[in-house]
Amino acid sequence: MSHKEKTVLVTGCSSGMGKATALYLAVQGYRVYAASRTPHKLAQYASENFIPLKLDMTDPQSVINTLEPIEKIDVLVNNAGYGLVSTVEEATEEEMYQQFNVNVFGLLRVSKAVIPKMRRQKSGVIINISSFLGKIGLPLLTFYNASKYAVEGITDSLRYELHDFNIRVHSVMPGFFNTDFAKKNLKTNEKTFADDSPYADLVTTLAPVIVDQINHGNDTQEMAEIICRIIEEDTFLARCTAGDKAKKFIPMKQELSDEDFERRVRSYYKL
Ligand SMILES: NC(=O)c1ccc[n+]([C@@H]2O[C@H](COP(=O)([O-])OP(=O)(O)OC[C@H]3O[C@@H](n4cnc5c(N)ncnc54)[C@H](OP(=O)(O)O)[C@@H]3O)[C@@H](O)[C@H]2O)c1
């Protein structure tokens, strides 16, 4: 099948990796549905190959209504996500639920709507954008970590479930990338960031460093190109890293004991 006949759905396209990937794939000749809560931000790029789509992943009926009329989806890039920055004891019920509602249940809702199309056509590629924090824990990011560990688990299970229908399932674990993530999509818990929080020292030590590392992270073009390779190479690895920090920490995590790895991370972040 030539690129021109392949249809790709990318979620979370208003900025960052989603936008870069959707635009890159459209230039490569794919027909791209660029899903976003704010499709007007993408109107300037609209073309035969680039179709902005309004999609609220937290609303099951909206997902069904938006995706049902699209006859054929060959590739799904589950990219949308945000990060809750909170200690465990201070997070609210609503914050905990929303973190999973977007990063995990949202991804599953979109997948549920797309899988029947791929199953009927007996082919497809699902690419879940996880994180290197889907394999590595960090304080203040427990809920985000848990959501991305869940994405890793979903990827592994789905690979078996969809194997017989010729649907490949992959995860990409990016390190830090320079996107809107730190600017707009790190949601902070009020109590954790209050001056009198019992975790104030940890917040002061870690939060500005993480924000700085994201804002000085890798370029999104690297992600766009990796995603394109996953689509085009039938034998691409089920799970891969992208960006400097993931390439540094993921192999270290695999090689060291949990205790030694924790010592390295503590020393690196001065925790
Ligand atoms: N940047 C990093 O350092 C980094 C590292 C590892 C993993 N990641 C992951 O990479 C993916 C893309 O992030 P990015 O870095 O490109 O950041 P970004 O520029 O902030 O883009 C994130 C996108 O996710 C969607 N999103 C955010 N909050 C949402 C919500 N409450 N409901 C529905 N959609 C929501 C937004 O899409 P719309 O506004 O278009 O709806 C937004 O464009 C995320 O899954 C993130 O966890 C990022």
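Which helices each supply at least two residues of the shell around the ligand? In this predicted model, they are helix 1, spanning residues 16-27, and helix 5, spanning residues 181-184. Helix 1 gives the largest share of that shell, namely three residues.

The surroundings of the ligand can be described further by residue and by class. There are 29 residues around the ligand, and those that come nearest are Gly12, Ser14, Gly16, Ser36 and Gly81. Sorted by class, the shell holds 14 polar and 12 nonpolar residues, together with three charged ones.

Turning to the strands, the reader can follow an open sheet of seven strands whose order is 3-2-1-4-6-7-9 and whose pairing is parallel. Because strand 3 (50-54) and strand 9 (239-242) stand at the edges and each has a single partner strand, one side of each is left without a neighbour in the sheet. Between neighbouring strands of this sheet the turn is 20° on average, with direction ignored.

At the edge formed by strand 3, the pairing can be traced to individual residues: strand 2, which covers residues 31-36, joins strand 3 in the parallel sense over five bridges, and alanine 35 has leucine 53 of strand 3 as its bridge partner. In general, the strands of a sheet pair through backbone hydrogen bonds, in either a parallel or an antiparallel manner.

Helix 3, made up of residues 93-121, lies across four strands, which are strand 1 (7-10), strand 4 (75-78), strand 6 (124-129) and strand 7 (167-174). Relative to strand 4, helix 3 runs at about 170°.

Conventions. Residues are numbered from 1 along each chain as its sequence is written. This is a predicted model: local features need pLDDT of at least 70, side-chain atom pairs count only at pLDDT 80 or more; totals for chains, interfaces and linings use all residues. Two strands pair if DSSP finds at least two bridges between them. Axes are lines fitted to C-alpha atoms, for helices over the stretch in contact, and angles run from 0 to 180 degrees between N-to-C directions. Two residues are in contact if their C-beta atoms, placed from the backbone, lie within 7 Å. A residue is near a molecule or strand if its C-beta atom, placed from the backbone, lies within 6 Å of it. Ala, Val, Leu, Ile, Met, Phe, Trp, Tyr, Cys and Pro count as nonpolar, Asp, Glu, Lys and Arg as charged, and the others, Gly among them, as polar.
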